[in-house]
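Welcome! Here is a short briefing to help you find your way around this structure.

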Amino acid sequence: MDGIRNRLLDLNQKTILKPDAVPSVNLPLQDNREDVSSRSERKRKRIILQETKISLKCLRLKKHSLSLDRLPSCCKAKRGLFWDKRCHLEPNQISLEDGEANIVRKDIINIFTDGSKTEHGVGAAFCVLTNDTWAYQWCAKLKDNNTVFQTELTALHEAVIYASHLPSHNASKIHVDNRASIMASSNLKSTNETARKIFKILLTNPRISVSWFKAHAGNIGNQRADQMAKDATQHGQPYSLIKLPKPHIKGLLRKSMLEERQTSRKNVNTGRKIYNIMSSVSLRPTNWIREDVIFFSQQGPFPAYLKRFHLSDSDFCSCGGIGTALHHATECIYTVSWHMRKPAPNFEQEWLKRVANNLVSRHKIRGIIKFMSENRYLFRPP
């Protein structure tokens with residue numbers, strides 16, 4: 001790609017003279033030979049320029065072309081380019097306006113779809129109305145983890161398959177009370193596999209149309225399909241062709257990850273001070289900063305901590321008390337500006353939990369740690 005661009009820049013920078021621009025002077029024979037050769041050279045460069053532009057155009061089309069596996073076979077062409085104009089549905093195949101007025105027509109086959117999710121399970125159903133007669137009905141029970149959107153798409157998919165097997169002279173209208181499923185099914189680039197299957201069937205069967213109508217508005221077809229879907233949540237045939245929704249899979253992975261992390265954190269012997277304050281693992285951020293971690297872990301410029309790792313000869317503060325984190329937050333004379341009430345020995349752990357959850361108390365903690373870091377000589381034992 002860079003080589004093609006450099007060649008174009010080199011060709012554009014050179015000035016090419018047209019035959020009309022050549023001065024009309026009498027040139028020797030040798031000069032005439034050179035003029036002929038220069039014209040041949042210019043012609044060769046023009047050919048190279050045209051070929052380069054064609055190559056760039058093909059690369060651009062290849063970059064912005066759609067993925068072939070998501071398109072119907074009638075839209076595929078050679079070299080990744082799409083030349084078939086029949087890759088969109090007919091304007092009258094999809095309607096997002098209320099189709100209540102079209103239900104009374106006797107010259108078409110009306111199909112009603114619906115999906116339901118209750119405490120008993122998940123179900124999908126559709127029924128066929130022909131000349132005021134219920135000609136056919138279908139229902140199925142989906143997995144309990146499937147969503148309502150998946151049930152609506154499943155019912156629409158089965159209804160479209162049924163309508164595609166009817167005689168070609170019969171026009172069918174499928175009535176759906178869920179706009180999201182209609183919009184997904186009419187989208188050529190939908191990320192939902194079931195929606196793409198519906199689109200392909202509608203594309204090859206222009207006599208099938210899908211219309212939205214208002215749910216629970218007293219329509220007999222919608223009421224029948226809704227009741228069938230609710231019955232299917234308990235007594236429908238199992239339907240396992242629909243994959244589990246991605247949010248549910250992510251939730252299972254998240255739950256498993258948290259449980260594994262909670263078990264490992266509970267069984268280790270390190271980090272007990274933080275564990276006693278926050279015992280449960282959560283994805284919710286604590287909004288702690290460096291000073292908060294130093295205080296609650298008690299691993300910082302405290303004499304007691306330095307003496308523990310032989311970084312100091314004494315664990316006493318210069319004020320005379322034992323230099324723990326609790327001492328500096330409640331008793332030390334050098335940090336009196338940020339003091340808090342000292343808890344009873346039996347309630348020190350509860351006191352730490354309340355301080356960790358209180359923003360005002362954490363601001364005092366941060367002030368103490370910053371002051372100790374900037375004035376370490378004050379807290380050294382005499």
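Two strands count as paired if DSSP finds at least two bridges between them. With that in mind, β5 (residues 172-176) and β6 (residues 208-212) are joined by 5 bridges and run in the parallel sense. Please remember while you look around that this is a predicted model.

**The sheet as a whole**

- The open sheet has 7 strands, and its order is β1-β6-β5-β2-β3-β4-β7, with mixed pairing.
- β1 (94-95) and β7 are the edge strands, and each has a single partner strand, so one side of each is left without a neighbour in the sheet.
- As general background, strands of a sheet pair through backbone hydrogen bonds, either parallel or antiparallel.

**Strand pairs to look up**

- In the pair made by β5 and β6, you can find Lys173 standing opposite Ser209 of β6.
- Strand β3 (residues 121-130) runs antiparallel to strand β4 (residues 133-142), and 9 bridges join them.
- Within that antiparallel pair, Cys127 has Gln137 of β4 opposite to it.
- On to the edge strand β7 (residues 237-238): this strand pairs with β4 in the parallel sense, over 2 bridges.
- Ala140 has Gln237 in β7 as its bridge partner.

**Helices on the sheet**

- Helix α3 (residues 148-164) lies across β2 (109-118), β3, β4, β5 and β6.
- The direction of α3 makes an angle of about 155 degrees with β2.
- Helix α6 (residues 220-235) also packs on the sheet, where it touches β2, β3, β4 and β7.
- Between the directions of α6 and β3 the angle is about 145 degrees.

**A buried charge: Glu158**

- Where should you look for Glu158? This residue sits in helix α3.
- Glu158 is buried and has no salt bridge.
- A salt bridge needs a side-chain nitrogen of Lys or Arg within 4 Å of a carboxyl oxygen of Asp or Glu, and the nearest side chain of opposite charge to Glu158, that of Lys197, is 8.7 Å away.
- What Glu158 does have is a polar contact of 2.8 Å between its side chain and that of Tyr239.
- Leaving aside neighbours within four places in sequence, Glu158 is in contact with Phe126, Trp138 and Tyr239.

**Two residues with a positive phi**

- β3 and β4 form a hairpin with 2 residues between them, and Asn131 is in the turn.
- Asn131 is not a glycine, yet its phi is positive, at about 55 degrees.
- Is Asn131 buried or exposed? Its relative accessibility is 52%, so Asn131 counts as exposed, the cut-off for that being over 50%.
- Gln298 likewise has a positive phi, of about 60 degrees, although Gln298 is not a glycine.
- You will find Gln298 in the loop between α9 (290-297) and α10 (303-308).
- Because its relative accessibility is 29%, Gln298 counts as partly exposed.

**A loop residue ahead of the sheet: His88**

- His88 belongs to the loop between α2 (29-64) and β1.
- With 51% relative accessibility, His88 counts as exposed.
- His88 and Leu202 are 114 residues apart along the chain, and their C-alpha atoms are separated by 9.6 Å.

Terms used: Residues numbered from 1 in each chain as written. Predicted model: local features only at pLDDT ≥ 70, side-chain atom pairs only at ≥ 80, totals over all residues. Heavy atoms only, no water. Helix = DSSP H or I, 4+ residues; strand = E, 2+ residues; numbered from the N terminus. Buried < 20%, exposed > 50% of the residue type's maximum accessible area, 1.4 Å probe, protein only. Lys, Arg positive; Asp, Glu negative; His and termini not counted. Polar contact = N/O pair within 3.5 Å; in protein donor to acceptor, adjacent residues only side chain to side chain. Contact = heavy atoms within 4.5 Å. Axes fitted to C-alpha atoms, helices over the stretch in contact; angles between N-to-C directions.
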